[in-house]
Amino acid sequence: MHQIFKSDENGKLIELEVAERNSWINIVAPTSEEINQVAENYNIPLEFLEDPLDKDESARIERDDDTEAVLIICDFPVVDEDDIHYASFETIPMGIILTKDHFITICTIDSSIIQSFIKRRIKGFYTHMKTRFALQILYMISTQFLRHLKRLNRQTDEIEKELHESMKNKQLYDLMGIEKSLVYFVTALKSNKLVLDKMMRQHIVKMYEEDQDLLEDVIIENRQGIEMAEVHSNILSGMMDAYASIISNNMNIVMKFLTSFTIILTIPTMVFSFYGMNVELPFMGMPLAWILTLGISFGIAGVLALVFWRRNFIWHRRSFSACFLA
């Protein structure tokens, strides 16, 4: 599927049936036939259209000397729809192709970034200003990373509060999902940074002074995104290690409590076992020998329980808390 747009003299975006000079062609999830047709109609190298459709394609910028077309591949974040509780993210590539007469965007999904331009939510956007249009898309990608990083940070705070109340596997799985998203973000932002630095150094695309200022803004936003993602990733990694230690400590407390309780219950069992043997035993001729047997067994168990209690092995507040949290 592809759409064709062009800005008129007043800046209004008009959808066209046939591409004209300085028009914008937006291609979404094309078939092989559509790719070949677009490459032939607009004189674009076939690999410029195929590479952005590869989910594992790395961000880069390159120029074809024969057609003078410029390809910019950048990664942008999308929500992973498989996670229905807390949003986790992945990154996919988007291709931006600048030719003499056309501006082309191509992606495997209909992204919200492109929809922002189609629905005229971005000010100062014109299809004939190709370099600025490309930089505006890159700026939107950088700001979207920042917005999603703040969302992940809020989710981390919510999960942390839940972990204080109940340490279940679900919360830990949610933290693992956030950590995975942050890894995707750091990798994508660093790849985009290489593209932006190359655009700044080598001037692969023609830029005016205002375009240079916009590129610097994009680089600043991208750098901020990298710093935020790395900080959040380090904090989350430390938090996961801390909670792993807490879980291990709680397990040790529970095991100590259960072991102590098992030892205490063993004493009455041993006494009753001795008096269950078919041999001559002390007090066997007394009518109330069973009361004496109970007293001996529970007396020894009580003394042992007192010793364990003084050593904080049982009947300790943390022991019971650990039982409920584990």
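**Exercise 1. Determine how many aromatic pairs the structure holds, and describe the pair formed by phenylalanine 5 and tryptophan 24.**

Solution. Begin with the criterion: rings of Phe, Tyr and Trp (its six-membered ring) pair if their centres lie within 6.5 Å, and planes under 30 degrees apart count as stacked, over 60 as edge-to-face and the rest as tilted. By this rule the structure holds nine aromatic pairs. Next, take phenylalanine 5 and tryptophan 24, whose pair is tilted, with 5.3 Å centre to centre and 40° between the planes. This pair links distant parts of the chain, with phenylalanine 5 in strand 1 (residues 2-7) and tryptophan 24 in strand 3, 19 residues apart; helices (H or I, at least four residues) and strands (E, at least two) are DSSP runs, numbered from the N terminus. Both phenylalanine 5 and tryptophan 24 are buried, where buried means under 20% relative accessible area, exposed over 50% and partly exposed in between (1.4 Å probe, protein chains only). Finally, Phe5 and Trp24 belong to one aromatic cluster together with Phe103, Phe117, Phe125 and Phe133.

The model is predicted, so that local features need pLDDT of at least 70 and side-chain atom pairs count only at pLDDT 80 or more, whereas totals for chains, interfaces and linings use all residues. Residues are numbered from 1 along each chain as its sequence is written, and side-chain values use heavy atoms, with hydrogens and water left out.

**Exercise 2. Explain why the pair of phenylalanine 145 and phenylalanine 185 ties together separate parts of the sequence.**

Solution. First, the geometry of phenylalanine 145 and phenylalanine 185 is edge-to-face, at 5.1 Å centre to centre and with 90° between the planes. Second, because phenylalanine 145 lies in helix 4 and phenylalanine 185 in helix 5, the pair ties together parts that are 40 residues apart in sequence. Third, phenylalanine 145 and phenylalanine 185 are both buried.

**Exercise 3. Work out the strand order of the sheet and follow its pairing from strand 4 to strand 7.**

Solution. Seven strands form an open sheet in the order 2-1-3-7-6-5-4, with mixed pairing; two strands pair if DSSP finds at least two bridges between them. At the edges stand strand 2 (13-16) and strand 4 (60-64), each of which pairs on one side only. Strand 4 is joined to strand 5 in the antiparallel sense over five bridges, and among the residues involved, arginine 60 has isoleucine 73 in strand 5 as its bridge partner. Four residues lie between the strands of this hairpin, where glutamate 68 takes a positive phi near 60°. Strand 5 in turn runs antiparallel to strand 6, with 11 bridges between them, and valine 70 has leucine 98 in strand 6 as its bridge partner. Lastly, strand 6 (residues 88-98) and strand 7 (residues 102-107) run antiparallel and are joined by four bridges, with glycine 95 opposite isoleucine 106 in strand 7.

**Exercise 4. Identify the strands that helix 4 and helix 5 lie across, and state how covered strand 5 is.**

Solution. Helix 4 (residues 130-165) lies across strand 3 (23-28), strand 5 (69-80), strand 6 and strand 7, at about 20° to strand 5. Helix 5 (residues 169-202) lies across strand 4, strand 5 and strand 6, at about 20° to strand 6. For these angles, axes are lines fitted to C-alpha atoms, for helices over the stretch in contact, and angles run from 0 to 180 degrees between N-to-C directions; contact means heavy atoms within 4.5 Å. Strand 5 is mostly covered, with 10 of its 12 residues buried.
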